[in-house]
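Colleague: Could we go through this model together? I would like to understand what is on its surface and what is inside.

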Amino acid sequence: MRITLTIIWAIALFIFTCSFNFHQLITEHYIHFVHNSHPDWSELFKLDFEFDDSEWVTRKIGHFVGFGLLGVLASNFGKYKSAFLYSVMYAALTEVLQLFFFRGGRIYDIINDSAGILFAYVVCRIVFGTSQRHKRKVK
C-alpha cells in the first residue's frame, strides 16, 4: 500500500510541476502537457525570486511540503533512509523535466525540495527514532 501511495504522490508531483499552466491546473483542474523539444537550459540557473508575490511563495511552500511528503511516504516514515536520497533525485529530475514542458525548472527549487525532504527525514528520525529507542529499552 505504501508503494502505491508513493507512486501516486510522485505522479501527482509530476503533474503539478510539469503541467503547462499551473494556474489553470489549480483553478480549472485542467491537466495539459506541451512538449518542448529544445529546452532553454539557462532556465535552471535563473534566480527570479518573487518573495512579494503570494502565489510564488505558496508554490515554494508547496514544493517544500510536497517533496517532504514524498520522502516520508517513500521511506515508510523513516524506515528506509535511502528513500530520502531517491526523493532528492526525483526532485532534481522533475526540475529538469520541467524544461521539456515549457515550465521553468530551477536549481533553487531543487534546493527547496531537498530542504523539505531533509526536514521530513529529521522529523521522522526524531519522532520514530525516539519511539524505536523507547521500545528497545522496554524489552
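Colleague: Is Val 122 buried or exposed?

Modeller: Val 122 is partly exposed, at a relative accessible area of 38%. Buried means under 20% relative accessible area, exposed over 50%, and partly exposed in between (1.4 Å probe, protein chains only). This is a predicted model, in which local features need pLDDT of at least 70 and side-chain atom pairs count only at pLDDT 80 or more, while totals for chains, interfaces and linings use all residues. Residues are numbered from 1 along each chain as its sequence is written, and side-chain values use heavy atoms, with hydrogens and water left out.

Colleague: Where is Val 122 found?

Modeller: Val 122 belongs to helix 5, residues 107-138. Helices here are DSSP runs (H or I, at least four residues), numbered from the N terminus.

Colleague: Which residues make the nonpolar surface patch?

Modeller: Phe 77, Leu 118, Phe 119, Val 122, Val 123, Ile 126, Val 127 and Phe 128 make a patch of about 720 Å². A nonpolar patch joins side chains within 5 Å, from residues with over 30% relative accessible area and no salt bridge.

Colleague: New topic: what does Glu 43 pair with?

Modeller: Glu 43 forms a salt bridge with Lys 46 (2.9 Å, N to O) and another with Arg 106, where the closest N and O atoms are also 2.9 Å apart. The Arg 106 pair links distant parts of the chain, 63 residues apart: Arg 106 is in the loop between helix 4 (82-98) and helix 5, and Glu 43 in the loop between helix 2 and helix 3. A salt bridge is a side-chain nitrogen of Lys or Arg within 4 Å of a carboxyl oxygen of Asp or Glu.

Colleague: Are these three buried or partly exposed?

Modeller: Glu 43 is buried at 18% relative accessibility, and Arg 106 is buried at 7%. Lys 46 is partly exposed at 36%.

Colleague: What about Lys 60?

Modeller: Lys 60 forms a salt bridge with Asp 109, the closest N and O atoms being 2.9 Å apart. Lys 60 lies in helix 3 and Asp 109 in helix 5, so the pair ties together parts 49 residues apart in sequence. Both residues are buried.

Colleague: And which residues lie nearest the centre of the largest pocket?

Modeller: They are Phe 22, Arg 59, Lys 60, His 63 and Arg 103, out of 24 lining residues. Helix 3 supplies the largest share of the lining, nine residues.

Methods:
Patch = residues over 30% accessible without salt bridge, like charges linked within 9 Å, V, L, I, M, F, W, Y side chains within 5 Å. Areas by Shrake-Rupley, 256 points an atom, 1.4 Å probe, with all protein chains shown as cover. Helix = DSSP H or I, 4+ residues; strand = E, 2+ residues; numbered from the N terminus. 1 Å grid on protein atoms, 1.4 Å probe; cavity = no way out; pocket = protein on both sides within 12 Å on 5 of 7 lines; lining within 4 Å.
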